[in-house]
Amino acid sequence: MRGVGIAQFGGPEQLELRDDWPLPEPGRGEARVRVAMAGVNYIDIYMRSGQYAKSQTYATPLPMLLGIEGSGTVDALGEGVTDLAVGDRVAWCVTRGAYADFAVVPAWKLVPVPEGMDWAIATALQLQGSTAHYLTHSLFELQPGHTCLVHAGAGGVGQLLIQLAKARGARVIATVGNESKATIAMARGADATILYRHTDFRAAVRTLTQGAGVDVVYDSVGKDTVHDSIRCLKRRGTCVMFGASSGQVEGIAPLELAEAGSVFFTRPHLADYLQPHEVRQRAAELFALLADRRIDVSIDRSYALADVAEAHRHIEGRNTRGKLLVDMSAR
Ligand code: NDP
């Protein structure tokens with residue numbers, strides 16, 4: 001089958017399209033999916049570049065196929081799978097191998113895709129949707145009266161995070177890289193935006209909150225922002241550093257947390273918030289919010305499998321304004 005993977009860690013030039021990947025066979029409890037769409041996510045960059053070489057949660061053995069999100073049709077079932085049938089429309093995330101014609105996925109990770117729902121929308125709501133969902137509903141249960149700071153508010157996760165935070169009744173301050181991204185974040189419901197490449201966002205947050213600070217910061221940028229993010233919090237607030245788009249963070253000193261007002265700090269993995277009892281429930285809630293028009297999904301671009309490297313360059317170049325997809329039917 002066709003697939004895009006790497007033989008060694010490095011830049012986008014390491015991504016290689018081959019048509020001789022063996023067709024994967026589903027084992028016990030697994031299903032094989034004929035992939036219709038794969039999602040391109042920032043984690044693909046960490047995996048490709050070797051930043052997750054030591055990760056146990058997201059193992060990256062070489063050589064490997066990349067892509068940890070997709071959608072398509074069930075093509076074969078392993079032993080013991082009783083709640084799926086060949087031909088079912090499904091989507092998933094957090095199992096690697098989506099940049100390929102076929103992927104084998106544990107059956108419990110497969111979410112039914114409603115008849116009539118676009119593959120693009122179904123895919124876009126998996127990894128980025130589930131992330132925005134656990135951040136706002138589980139890790140920190142946002143309520144009316146809370147104020148949150150969302151970094152990179154015009155990105156794939158960022159736009160969904162703003163919408164889910166608003167749906168929960170919170171006030172949202174979003175940081176963005178430029179004016180056109182500020183327009184996107186405001187259209188998604190942000191109450192205020194800060195151009196954090198040109199403005200001291202820590203001072204701006206204090207001004208916007210009359211000195212109080214925010215209840216929670218959702219920081220996916222990492223190295224460039226995290227120390228100031230901690231200083232944007234209210235006393236006993238929570239900093240959730242869930243990504244490192246600007247680079248991995250070397251360390252946070254415990255005393256830094258005390259000095260910022262006895263704040264809490266966590267660095268979560270999506271996989272720990274997508275346990276077997278949570279996968280379909282999060283997806284069902286996201287699909288329902290979409291059907292009620294309480295959230296919307298932005299598809300930025302879709303690429304042919306041969307052009308995945310271009311998608312990686314687009315995301316690393318800070319250009320994304322929504323979801324990047326690989327359309328397996330495009331040549
Ligand atoms: P985005 O579409 O949000 O792209 C990343 C954005 O980060 C850019 O558009 C840019 O926005 C901002 N950014 C800031 N500094 C840099 C930099 N030096 N290089 C590149 N981008 C930069 O990506 P995703 O929506 O796919 O992912 C967002 C983040 O969420 C990633 O860090 C990802 O790892 C993380 N994530 C974490 C999960 C978890 O559970 N831990 C799960 C899913 C995603 P701007 O121009 O506005 O600054």
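The exercises below, each with a worked solution, concern the ligand site and two backbone features of a predicted model.

**Exercise 1.** Determine which residues come nearest to the ligand, and describe the shell by residue class.

*Solution.* Begin with the residues around the ligand, of which there are 29. Those that come nearest are Tyr46, Tyr134, Lys181, Tyr196 and Arg318. Next, sort the shell by class: 14 residues are nonpolar, 11 are polar and 4 are charged.

**Exercise 2.** Identify polar side-chain atoms that lie within 3.5 Å of an oxygen atom of the ligand, and state how much of the ligand the protein buries.

*Solution.* Consider Tyr46 first: one of its polar side-chain atoms is 2.7 Å from a ligand oxygen atom. For Thr320, a polar side-chain atom is likewise found 2.7 Å from an oxygen atom of the ligand. For Gln128, the corresponding distance to a ligand oxygen atom is 3.1 Å. Finally, turn to the surface: the ligand taken alone exposes 910 Å², and 93% of that is buried by the protein.

**Exercise 3.** Locate the ligand with respect to pockets, helices and domains.

*Solution.* The largest pocket is the space that the ligand takes. Four helices, H1 (42-49), H3 (127-139), H4 (156-167) and H10 (308-316), each supply at least two residues of the shell. H3 gives the largest share, with 4 residues. At the domain level, residues of the shell come from both domain 1 (3-125 + 297-327) and domain 2 (129-271), so the ligand lies between these domains.

**Exercise 4.** Find where the cis peptide bond between Leu62 and Pro63 and the positive phi of Arg236 fall in the secondary structure.

*Solution.* The bond joining Leu62 and Pro63 is cis, with omega about -10 degrees. Pro63 belongs to the loop between H1 and strand E4 (64-65). Arg236, although not a glycine, has a positive phi of about 65 degrees. Arg236 is located in strand E13, which comprises residues 233-241.

Note on methods:
Residues numbered from 1 in each chain as written. Predicted model: local features only at pLDDT ≥ 70, side-chain atom pairs only at ≥ 80, totals over all residues. Heavy atoms only, no water. Near = heavy atom within 4 Å. Polar contact = N/O pair within 3.5 Å; in protein donor to acceptor, adjacent residues only side chain to side chain. Areas by Shrake-Rupley, 256 points an atom, 1.4 Å probe, with all protein chains shown as cover. 1 Å grid on protein atoms, 1.4 Å probe; cavity = no way out; pocket = protein on both sides within 12 Å on 5 of 7 lines; lining within 4 Å. Sits in = over half its atoms within 2 Å of the grid points. Nonpolar A, V, L, I, M, F, W, Y, C, P; charged D, E, K, R; others polar. Domains from an automatic or database assignment.
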